[in-house]
Amino acid sequence: MTTTGHPRKPLRIGIDVGGTHTDAVALDTDDRILAHTKQPTSPDITGGVRAAVDAVLGLLGPDDARNVRQVMLGTTHATNAVVERRNLARVAVIRIGRRITSAVPPLTAWPADLREAAVAGTVMVDGGYLVDGHQVAPVDRDEVRRFLHQVADRAQAVAVTGAFAPMYPDQEQLVAELVRAELGTGTPVSLSHELGSLSLLERENATTLNAALGPVGAQVADALDQALRDHGLDVAGYLAQSDGTLMEAAHARRFPVLTIGSGPSNSLRGAALLTGHQDAIVIDVGGTTTDLGVLVDGFARESAAGSLIGGVTTSLAMPDVLSLGYGGGTVIHPDRVGPESVGHAIRRHGLVFGGTTPTLTDAAVHAGRSTTGTRSQLLDRPTEPFRRAITAFDDDLAHAVALVSHGRRDQPVIAVGGGADLLPDTIAGRTVQRPGHGGVANAAGAAIALISGEYETLIPAGSGRGEALARARTEALTRATAAGAAPEHTTIVRIREVPVSYAGQPALRVTVKAAGRLRTG
């Protein structure tokens, strides 16, 4: 951990909670890193966040610590919870619109083990709208009540999805009132119209995952709140979203699914800050995986194929990331490499740290790439498994870089993350850049994340399109500034128009996103 330079007021702290380490940085208004630290991630999250904040504030000193105005946190815990099927609430899933959606029942494509871990029951009830606003049927309230009585003893949360609810949300809101009346006001309810996309199945999946992730969202938000209280910081706390922007911690409690993918987004944004490159391939090497993403105009390239989370397809905006099963803690077996990893316990188990488990870190030390630990611990070990592991790693890296580059040869390659020294100096003929502070790039990316607002609507094609699009732009800007963006620094960052072929008249589904830097006052 280090501190450099002379701070300018105000300051902000970025935190990244990974599976192995919790990193933190302090930045001034010129985005200079004044202090940084890397602490072990604790099982309860809170301990690691508290230790990271404590270390950074200690490096800043009491006078400068008082100038901290904002704290931003990014984490992979929501992703890990879905992938590992743990710490999930059991969800009662209600779909409104049986007459027009029954061809594909709720959660049909979900993996069986995820349904077992996260679903208390599903039902389709009458109701729903058509795209033109015609109500197919009123909500069958009695059917909703009967279902709620059936699942009352096992449902910990409820997810409600209606046909075309993002445009016509009143039936979802009615069902939410029924849930509160039958199960109590303390039962969390996720409504699909608050999560965007018009596509029914993907929206239903995202809404159900959001409800299931309630315990994770609360745990992360509580960890941030507790760390701020413990250090007497009366400042705004934010969590990073998967698109590289921020939301208030209170918002994250309601929408934890939006934090999925924030780790890779922060990594790419941090790489852009540390190098000045706006277009590049970024390789983030952690304790368990190596993630490759692409910077486009300083932001993570978004996946064009939707997002697959733990085997479930959603329409959430996600960075286009390719993950390899290699990390600093990846275990080297006599006949293969991984996929097991010792993760955060690398300093207990790795050979160069005095342990007994050969890891990819040991192979990198053996190859002369890394100077971590004590190389003499490897002298009595067979060398062939190390060489084989490094060769497999390098070959898969070269293939992955070719895949994410889409044929381009002019993009620099930037290595970040705690295991950046595991990479070779060149990959597929490209020189690998290792920026200073690259080990805490994720935390730096969280600290510079923007605050955003998004608006989605249907507008008629042809005449009237310009006026409707202007209203959508204004609404997106209003939502961003209401969330905390400085109006003078808020701009439209994305407009997406998709023709709607099933509408009664030609129409476009338009999504407008605005983003800007946080207000400092």
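Which residue in β8 is the bridge partner of Ile96? The bridge partner of Ile96 in β8 is Gly162.

This is a predicted model, in which local features need pLDDT of at least 70, side-chain atom pairs count only at pLDDT 80 or more, and totals for chains, interfaces and linings use all residues. Residues are numbered from 1 along each chain as its sequence is written, and side-chain values use heavy atoms, with hydrogens and water left out.

**The parallel sheet**

Strand β6 (residues 91-96) pairs with strand β8 (residues 157-162) in the parallel sense, over six bridges. Strands here are DSSP runs of E with at least two residues, and helices are runs of H or I with at least four, numbered from the N terminus. Two strands pair if DSSP finds at least two bridges between them. β6 and β8 belong to an open sheet of four strands in the order β7-β6-β8-β9, with parallel pairing. The edges are β7 (119-125) and β9 (189-191), each with a single partner strand, so one side of each has no neighbour in the sheet. On average, neighbouring strands of this sheet are turned by 15 degrees against each other, direction ignored.

Helix α6 (residues 141-151) lies across β6 and β7 and runs at about 170 degrees to β7. Helix α7 (residues 170-183) also packs on the sheet, where α7 touches β6, β8 and β9 and makes about 160 degrees with the direction of β8. Axes are lines fitted to C-alpha atoms, for helices over the stretch in contact, and angles run from 0 to 180 degrees between N-to-C directions. Contact means heavy atoms within 4.5 Å.

**Helix α9 and Asn266**

Helix α9 (residues 214-230) has 17 residues and spans 24 Å from its first C-alpha to its last, close to the 24 Å expected at 1.5 Å a residue. The expected span is 1.5 Å times one less than the number of residues. Buried residues of α9 include Val216, Val220, Leu224 and Leu228. Buried means under 20% relative accessible area, exposed over 50%, and partly exposed in between, with a 1.4 Å probe and protein chains only. Down the axis of α9, the buried residues fall within an arc of 145 degrees, so they line one face of the helix. That arc is taken from the directions from the helix axis to the C-beta atoms. Among the elements that these buried residues pack against are β2 (11-17), β5 (68-75) and β10 (236-240). Just after α9, Gly232 has a positive phi of about 65 degrees.

Asn266 sits in helix α11 (residues 262-275) and counts as buried because its relative accessibility is 1%. Beyond its neighbours within four places in sequence, Asn266 contacts Gly74, Ala240, Ala441, Asn442, Gly445 and Ala446.

**Backbone exceptions**

Most residues other than glycine have a negative phi, and most peptide bonds are trans. Two residues other than glycine with a positive phi are tabulated here.

| Residue | Phi | Loop | Relative accessibility |
|---|---|---|---|
| Leu107 | near 60 degrees | between α4 (98-101) and α5 (112-118) | 2%, buried |
| His437 | near 65 degrees | between β22 (430-433) and α15 (441-447) | 31%, partly exposed |

The peptide bond from Gly338 to Pro339 is cis, with omega near 5 degrees. Pro339 lies in strand β19. Strand β19 (residues 337-341) pairs with strand β18 (residues 330-332) in the antiparallel sense over two bridges, and a hairpin of four residues joins β18 to β19. Ile332 stands opposite Val337 in β19.
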